[in-house]
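Work through the exercises below with the sequence and the structure at hand. Each task is followed by a solution in steps.

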Amino acid sequence: MTENKDYGTIISCVGGLYTVRKPSGERVRARARGAFRYEKSSPLAGDTVLLRKEKDSFMIDKICERRNSLVRPPLANVDTLFVSFAAIDPVPNILGIDKLLSVAAAAGIKTAVVITKSDLSGDLAAKYEEIYKKAGYPVFVTSSRDGSGVEHVREYIVGGGSGKIYAFAGASGIGKSSIMNALFPELSLKTGELSEKISRGKQTTRTVELFPFTFSEGETVFVADTPGFSMLEFSAVAGFRKKDLAATFPEFAEHTANCRWRDCTHTKDGDCGVIEAVKRGEIAKERHESFLLMYDELSKIPEWK
Ligand SMILES: Nc1nc2c(ncn2[C@@H]2O[C@H](COP(=O)(O)OP(=O)(O)OP(=O)(O)O)[C@@H](O)[C@H]2O)c(=O)[nH]1
Ligand SMILES: [Mg+2]
Ligand SMILES: [Zn+2]
């Protein structure tokens, strides 16, 4: 039997069959070594993997060390997660958005906020832009319909340099595949009407997929489209503890020094620098409300206390 070590990036996984892109651009299909299941470390899209050739097929032999990983969407080695939502249609779920921002931060993943469908309501887009800019996130206000703002997202992606992995994540129907198409017209990804998604309860995009883009000689980045999801359950994100929560709210940092007690939970009024900042309007009250709801949810997961 001939052995042949090779490596590449997993760009998709469908029913246990992985598509791996080699640095040359060649794509091969591969299956994962059975042992991964026992090691509880199944390969993810975004993983760099070593391949072993067995006759006509490839086997994923080893997952190279991950810089980070997410359970939802299932991805590894993300450089920036574009946490995306529509200005309207569907109405954004602020708690869901803030959870995703916090879970990514806890996983060590940089985030940026992408507001889509600004053509439907410039006012609402501006309202959300203010909330997230105030919190310290990079914010992109976009419309795939009229193209506005899309160029800034492209500049961000191109400006990050070679080898990076970006991903769009957020609820179904907010226009993740649409903005991928607006960014990279050669893609022609399938997009779906909202009414159809609601009536059938189905996402249009079914699997995570990384798309490689080459900007100049040898400079390739990956951008992932992911299926929409409605609400992230903290119980699915093992290891995220309530004591870690405040640190995932970047706008809290400069105010926690004003808390009277070092172990302040920022949940109760009285000598809390964070709550004082909310009252002064320096921290958006929507963000603090999300914090309280998330804190409450994390408090109910006994094994993580
Ligand atoms: N008016 C307007 N409609 C948009 C915009 N972007 C997307 N849409 C529409 O919103 C609907 C959903 O778009 P998709 O790109 O399929 O949404 P998605 O986030 O990929 O959805 P899933 O794949 O189900 O997660 C489609 O009917 C799009 O035409 C936009 O900027 N403005
Ligand atoms: Mg989609
Ligand atoms: Zn406090």
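**Exercise 1: Helix α2**

Just after α2, Gly108 takes a positive phi of about 80°. The model is a predicted one.

Task: Check the length of helix α2 against the expected rise per residue, then describe its buried residues and their surroundings.

Solution.
1. Helix α2 runs over residues 94–106, which makes 13 residues.
2. At 1.5 Å a residue the expected span is 18 Å, and the end C-alpha atoms are 18 Å apart, so the two values agree.
3. The buried residues of α2 are Ile97, Asp98, Lys99, Leu100, Leu101, Ser102, Val103 and Ala104.
4. The buried residues of α2 pack against the strands β6 (69–70), β8 (80–86), β9 and β11, and against the helices α7 (242–245) and α9 (285–299).

**Exercise 2: The sides of α4**

Task: Find which residues of helix α4 are buried and which residues on the other side are exposed.

Solution.
1. In α4, residues 150–159, the buried positions are Val150, Val153 and Ile157.
2. These residues cover an arc of only 65° around the axis, and therefore lie on the same side of α4.
3. Glu155 and Gly159 are exposed on the other side of α4.
4. The packing partners of the buried α4 residues are β9 (110–116), β10 (139–141), β11 (165–169), α5 (176–183) and β13 (219–225).
5. Just after α4 comes Gly161, with a positive phi of about 90°.

**Exercise 3: Strand pairing**

Task: State the sense of each pairing for β2 with β3, β3 with β5, and β12 with β13.

Solution.
1. β2 (residues 17–21) pairs with β3 (residues 27–32) in the antiparallel sense, over five bridges. Within this pairing, Leu17 has Arg31 in β3 as its bridge partner.
2. The hairpin of β2 and β3 has five residues between the strands, and Gly25 in the turn shows a positive phi of about 100°.
3. β3 also pairs with β5 (residues 57–63), here in the parallel sense and over three bridges. The bridge partner of Ala30 in β5 is Phe58.
4. β12 (residues 209–216) and β13 are antiparallel, with seven bridges. Glu209 stands opposite Asp225 in β13.
5. Two residues lie between the strands in the hairpin of β12 and β13, where Gly218 takes a positive phi near 75°.

**Exercise 4: The environment of Ala171**

Task: Decide whether Ala171 is buried or exposed, and list its contacts beyond its sequence neighbours.

Solution.
1. Ala171 sits in the loop between β11 and α5.
2. A residue is buried if 20 or more other C-beta atoms lie within 10 Å of its own. Ala171 has 22 other C-beta atoms within 10 Å, so Ala171 is buried.
3. With neighbours within four places in sequence left aside, Ala171 is in contact with Phe85, Pro90, Asn93, Gly96, Gly228, Phe229 and Ser230.
4. Asp123 is 48 residues from Ala171 along the chain, and their C-alpha atoms are separated by 21 Å.

**Exercise 5: The shell of ligand 1**

Task: Describe the residues around ligand 1 by distance, by element and by class.

Solution.
1. There are 24 residues around ligand 1, of which Gly175, Thr191, Gln203, Thr205 and Gly228 come nearest.
2. The elements giving two or more residues to this shell are α5 and α6 (194–200). The largest share, three residues, is from α5.
3. The shell consists of four nonpolar, 14 polar and six charged residues.

Note on methods. Residues numbered from 1 in each chain as written. Chains lettered and ligands numbered in written order. Predicted model: local features only at pLDDT ≥ 70, side-chain atom pairs only at ≥ 80, totals over all residues. Buried ≥ 20, exposed ≤ 12 C-beta atoms within 10 Å, placed from the backbone. Helix = DSSP H or I, 4+ residues; strand = E, 2+ residues; numbered from the N terminus. Arc of directions from axis to C-beta. Contact = placed C-beta atoms within 7 Å. Near = placed C-beta within 6 Å. Nonpolar A, V, L, I, M, F, W, Y, C, P; charged D, E, K, R; others polar. Pairing = 2+ DSSP bridges. Expected span 1.5 Å × (residues − 1).
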